[in-house]
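Here are my notes on the model you sent over, set out point by point. I hope they help as you look through it.

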Amino acid sequence: MFRLERLNTMHHTSDVFLFITLFVGNRRHNTIQRGTAYMERTVESSADAVETKKPFGLELSPVAFSVMSFLVIQVVSYMVWLLFVDPVRGVWKFYPQPFGAYLFWGILVLVFLGFNLGMFGLSKYDQPMRGLIATAITLLIAFAITALMIFGYGTMDPAFTATEGVGYGAVGLIVLIGFYGFGVLPTNMGGWPWTDVGLEQPLAGIAQIFVGFFLTCIGYVLLIYPSVASWTSPEKVLMPLPTAIGWFYSVIVSWLTTAQVLDHWPWTSFGSRAKTAIGAFIGNFILGTVIYFVFLALLKNVLIPAEAVEKIGAAITLWPAQLGVWIVFWMIFWPLAVGNVPNALSPAANRFVRLAITWSLGILSFVVYMRWFAMDVLNEASIVPGFGGDPLTWVDLLNFVMLVYILYFGSYGLVKKQE
């Protein structure tokens with residue numbers, strides 16, 4: 001079985017191995033071993049092929065590797081921001097839409113290619129060609145889907161119309177539901193039940209995409225569409241749109257917390273793979289609800305100034321998503337670029353320390369962003385003097401660039417030294 005130790009010996013030369021680290025987790029849990037076996041078989045030959053090649057790039061200590069990875073992500077993201085987004089200095093000022101819709105769909109297509117299909121068919125290419133092909137496919141599909149929704153389906157449904165750009169928000173919110181609907185299947189749920197009946201890639205990934213489509217449609221119809229449809233009214237929505245966004249993003253935080261830094265605990269304690277998978281899918285909604293109310297209390301009473309809370313008004317229920325997206329960034333970055341340290345303590349201690357570090361960094365990043373970075377660097381509007389910005393756009397750009405660079409390009413140009 002592949003473990004983190006073997007990943008380290010590969011010098012980060014295979015982004016397929018990084019995919020396994022990010023989305024499958026710790027192999028010590030017997031309950032997920034069968035679900036990840038098919039991934040291991042598909043990359044075994046690729047691993048043997050690259051193990052003898054000296055990786056290209058600057059050889060760095062683990063700490064320097066993490067720092068440089070962080071800087072690459074920040075610099076590339078800021079360059080994209082200056083080109084397409086910055087409302088003051090941007091070359092093309094597509095802020096917040098349509099940039100947001102295309103960005104969000106880029107993330108979801110990355111989920112298809114990286115999460116569900118496990119980079120199937122791309123391991124035969126060397127870097128950087130592998131990363132270039134994967135990125136081109138992702139951007140092409142993301143732009144095509146968004147354009148078809150806006151300029152095709154939008155001609156029939158006013159909620160998605162291109163008129164005054166109103167449809168971009170509705171299209172982008174599909175990704176909110178889809179990120180969990182597609183992403184939880186190969187991670188917390190370990191590919192169950194398709195891997196248990198012997199399906200391998202690409203069939204296993206195709207099956208996940210079909211089920212993810214079904215789950216996303218249900219979630220969107222229940223939570224989002226009644227709020228954006230032309231016939232919307234308060235009595236026809238399950239919950240107000242800001243609340244739906246804030247609550248569902250808290251479910252995403254639960255999913256990635258348990259999948260990324262908690263080694264799929266507590267779901268792995270449920271017993272069989274079926275119980276683990278079903279328990280994780282349902283359990284994230286329960287734990288996510290708790291996280292939502294904790295975030296809301298923290299935001300109202302600590303993180304957001306009282307005058308800003310008053311100005312935000314009823315839309316404050318969206319803000320657990322604005323805090324959660326920063327925590328999600330660090331929970332993805334930590335296993336990908338830092339090696340998910342610590343991993344030499346007891347399982348419980350490892351999980352607790354990782355949780356404390358990633359959540360603390362997320363909260364700190366939220367404060368720095370809202371108090372300074374958003375307004376003085378990104379030129380986003382203030383809500384009240386000294387507090388402003390919209391974390392969802394900037395941090396999702398960071399997440400997209402991070403996954404493209406590390407997952408698609410295998411941290412091309414950077415090589416982690418052996419300790």
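**Notes on the predicted model**

1. The protein exposes about 17,100 Å², and carbon and sulfur atoms supply 71% of that area. Please keep in mind while reading that this is a predicted model. Of the 419 residues in the protein, 57% are buried. The secondary structure comes to 14 helices and 4 strands. Among contacts with a separation of 6 or more, 74% are between residues 24 or more positions apart.

2. Let's turn to the core. The largest nonpolar core holds 115 residues, and Ile252, Trp319 and Trp394 are those with the most contacts inside it. Helix H12 gives the most to this core, with 15 residues. In soluble globular proteins, nonpolar side chains tend to be buried together.

3. Trp394 deserves a look of its own. Leaving out residues up to four places away in sequence, Trp394 touches Gln74, Ser77, Tyr78, Trp81, Trp326, Tyr369, Phe373 and Leu378. Gln74, Ser77, Tyr78 and Trp81 fall within helix H4, which covers 62-84. Tyr369 and Phe373 belong to helix H13, residues 347-376, and Trp326 to H12, residues 319-337.

4. How far apart are the end C-alpha atoms of H12? They are 27 Å apart, and this agrees with expectation because 19 residues at 1.5 Å a residue should span 27 Å. As for cover, 19 of the 19 residues of H12 are buried. Just after this helix, Gly339 takes a positive phi of about 85°.

5. Helix H7 makes a good companion to that point. Its 17 residues, 167-183, reach 24 Å from first C-alpha to last, close to the 24 Å expected at 1.5 Å a residue. You will still find a kink of about 35° in H7, centred on Ile177. H7 is mostly covered, with 16 of its 17 residues buried.

6. Ahead of H7, please check Thr161, which sits in the loop between helix H6 (129-152) and H7. Is Thr161 buried or exposed? Its relative accessibility is 16%, so Thr161 counts as buried, the cut-off being under 20%. The side chains of Thr161 and Thr163 are joined by a polar contact of 3.1 Å. Beyond its neighbours within four places in sequence, Thr161 is in contact with Ile150, Gly154, Val166 and Gly167. Of these partners, Ile150 comes from H6, while Gly167 is the residue at which H7 begins.

7. Leu103, in helix H5 (residues 99-116), is buried, with a relative accessible area of 6%. Setting aside neighbours within four places in sequence, Leu103 is in contact with Thr393, Asp396, Leu397 and Phe400. These four partners lie in helix H14, residues 391-408. Leu103 and Leu139 are 36 residues apart in sequence, and their C-alpha atoms are 9.0 Å apart in space.

8. Leu361 is placed in helix H13. At 24% relative accessibility, Leu361 counts as partly exposed. Leu361 touches Trp330 and Trp334, not counting residues up to four places away in sequence. An α-helix has 3.6 residues a turn, so residues three or four places apart point the same way. Leu361 and Met331 are 30 residues apart in sequence and 9.5 Å apart in space, C-alpha to C-alpha.

9. Now for some backbone details worth inspecting. Most residues other than glycine have a negative phi, and most peptide bonds are trans. Which residues does a cis peptide bond with omega of about -10° join? They are Tyr95 and Pro96, with Pro96 in the loop between helix H4 (62-84) and H5. Another cis peptide bond joins Trp265 and Pro266, with omega about 10°. Pro266 lies in the loop between helix H9 (241-261) and helix H10 (273-303).

10. Two residues also call for a check of phi. Asn379 has a positive phi of about 60° although it is not a glycine; its place is in the loop between H13 and strand E2 (382-384). At 17% relative accessibility, Asn379 counts as buried. Ser411, which is not a glycine either, has a positive phi near 55° and is found in the loop between H14 and strand E4 (413-416). The relative accessibility of Ser411 is 1%, so this residue counts as buried.

Key. Residues numbered from 1 in each chain as written. Predicted model: local features only at pLDDT ≥ 70, side-chain atom pairs only at ≥ 80, totals over all residues. Heavy atoms only, no water. Expected span 1.5 Å × (residues − 1). Buried < 20%, exposed > 50% of the residue type's maximum accessible area, 1.4 Å probe, protein only. Contact = heavy atoms within 4.5 Å. Bend = angle between axes of the 7 residues up to and from the residue. Polar contact = N/O pair within 3.5 Å; in protein donor to acceptor, adjacent residues only side chain to side chain. Core = buried A, V, L, I, M, F, W, Y, C linked by side-chain atoms within 4.5 Å. Areas by Shrake-Rupley, 256 points an atom, 1.4 Å probe, with all protein chains shown as cover.
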